[in-house]
There are 2 protein chains.
Amino acid sequence: MDETPDGRGGPHVFVADPSMPVLGDDDRHHLARVLRLRDGDPITMGDGAGRWSPAVFRSDAEPEPTADVVEVPEAGSPVAVGFALIKGGRPELVVQKLTELGVDRILPLTAERSVVRWDAAKAGAQVERFRRVAREAAMQSRRVWLPEIEEVSAARHLAASDGLAVAEPGGDPLDGSIRTLLVGPEGGWTADELVGHRTVGLGRTVLRAETAAIAAGALLTALRDGRI
Amino acid sequence: MDETPDGRGGPHVFVADPSMPVLGDDDRHHLARVLRLRDGDPITMGDGAGRWSPAVFRSDAEPEPTADVVEVPEAGSPVAVGFALIKGGRPELVVQKLTELGVDRILPLTAERSVVRWDAAKAGAQVERFRRVAREAAMQSRRVWLPEIEEVSAARHLAASDGLAVAEPGGDPLDGSIRTLLVGPEGGWTADELVGHRTVGLGRTVLRAETAAIAAGALLTALRDGRI
């Protein structure tokens with residue numbers, strides 16, 4: 001058995017405890033009605049925190065584990081992408097893609113030029129929505145660790161540190177010492193937001209904010225995994 | 001003046017000859033009505049083949065160049081991404097993102113497991129649509145060279161070469177010697193399609209085909225530009 005599900009073991013679902021699985025109603029519906037699984041078809045089940053096991057689907061009962069639960073340690077050097085919420089943006093697309101790419105932590109940010117100003121209730125509802133999107137994307141991409149989706153915070157409140165950089169045209173090349181990359185709104189960061197931070201350039205072209213965030217995720221995870 | 005438009009010089013439009021610009025009706029409408037430009041507002045104009053110049057917008061006349069045309073040479077080591085067209089896929093999203101990221105050539109592919117089977121007329125119409133999407137994305141991202149969008153071709157007809165690799169789980173890390181990366185359908189490549197090709201891994205997670213193609217573009221352009 002491979003260390004992590006690779007999709008050949010069937011669809012992946014999240015349950016509280018893979019050794020005593022209880023499927024959520026939505027997940028059961030998805031497996032039975034959308035993916036049309038039949039009794040005995042293989043699936044994998046994970047708790048989103050590193051524990052997973054293969055199982056077979058049962059239409060009239062809970063899934064039946066077919067091997068012991070495997071525990072996969074968390075990434076040794078987790079990577080994070082922060083992205084500014086912008087008016088008319090597609091934050092769900094960003095969360096979906098960052099999750100698929102294997103980013104460990106996702107930070108929805110407000111920026112001085114990002115226009116979006118949410119009250120606490122609206123911000124909370126959005127974060128809940130991002131977590132649902134991340135869960136679906138993690139099922140799709142067979143992640144054993146769900147990404148952490150942080151609460152919305154202001155970029156200017158993030159403390160400068162060695163492992164953190166902000167994306168800015170003309171910045172330095174990205175290297176493996178950077179574990180967190182913050183992507184600003186299309187109007188760019190203000191001088192206040194940049195102060196004290198390393199800057200990293202994400203290309204010669206002018207990137208949409210959503211594209212810059214996805215590119216940041218692709219590059220950080222490739223560096224983390226030694227794939228580049 | 002910077003070597004290429006960076007967005008601070010206003011919106012970017014394509015014209016046949018930046019030294020004697022003639023705006024298309026759609027572009028004039030976009031600048032005047034959508035972006036609400038006024039007489040004298042700055043824009044940049046490019047021919048999509050390396051020649052561009054700054055200009056000012058005129059509501060009742062053609063744009064007025066404000067400097068000589070600059071010629072930007074083509075990328076010394078162009079990079080290409082091929083992606084399999086799949087049923088229910090979002091090929092326009094892929095073309096948009098690859099164009100924004102600065103990929104030089106885009107190859108829409110059919111793969112043995114890609115299900116999509118278009119006749120010549122439908123394939124031609126789709127390629128025309130991809131070229132429109134690329135043109136819009138190139139305006140947005142201020143590209144002076146439009147990407148080449150190839151006709152739809154079968155992945156198995158692409159000749160193996162040193163600079164070409166196919167994305168495949170468990171493949172090698174990506175390095176700068178690879179200039180063309182082909183991304184398959186979610187069902188993967190067949191053994192026939194893989195034969196003779198180098199393989200490159202795009203991650204530990206199971207990527208949607210569209211996500212794999214976008215990640216390929218982010219990584220290839222970062223390597224090409226020495227940004228990683």
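Hi everyone, let's start with chain A, whose domain assignment gives domain 1, residues 12–71, and domain 2, residues 80–224. Please keep in mind that this is a predicted model.

So how far apart are the centres of these two domains of chain A? Taken over C-alpha atoms, domain 1 and domain 2 of chain A have centres separated by 31 Å. The two do touch: nine residues of domain 1 of chain A are in contact with seven residues of domain 2 of chain A.

Have a look at the domain 1 side of that contact. In chain A, strand 1 (12–14) and strand 2 (42–46) each supply at least two of the residues there that touch domain 2. Strand 1 of chain A gives the most, with three residues. As for character, the domain 1 side that touches domain 2 of chain A divides into four nonpolar and five polar residues, with no charged ones.

Now let's turn to the contact between the chains. Here chain A contributes 32 residues, and chain B contributes 32 residues. Which elements of chain A give two or more residues to the side that touches chain B? They are helix 2 (91–101) and helix 5 (209–224) of chain A. Helix 5 of chain A provides the largest share of that side, namely seven residues.

And what is the make-up of the side of chain A that touches chain B? There we find twelve nonpolar, eleven polar and nine charged residues. So, to put the two side by side for you: nine charged residues on the chain A side facing chain B, and no charged residues on the domain 1 side touching domain 2 of chain A.

Thanks for listening, everyone!

How values were computed:
Residues numbered from 1 in each chain as written. Chains lettered and ligands numbered in written order. Predicted model: local features only at pLDDT ≥ 70, side-chain atom pairs only at ≥ 80, totals over all residues. Helix = DSSP H or I, 4+ residues; strand = E, 2+ residues; numbered from the N terminus. Nonpolar A, V, L, I, M, F, W, Y, C, P; charged D, E, K, R; others polar. Domains from an automatic or database assignment.
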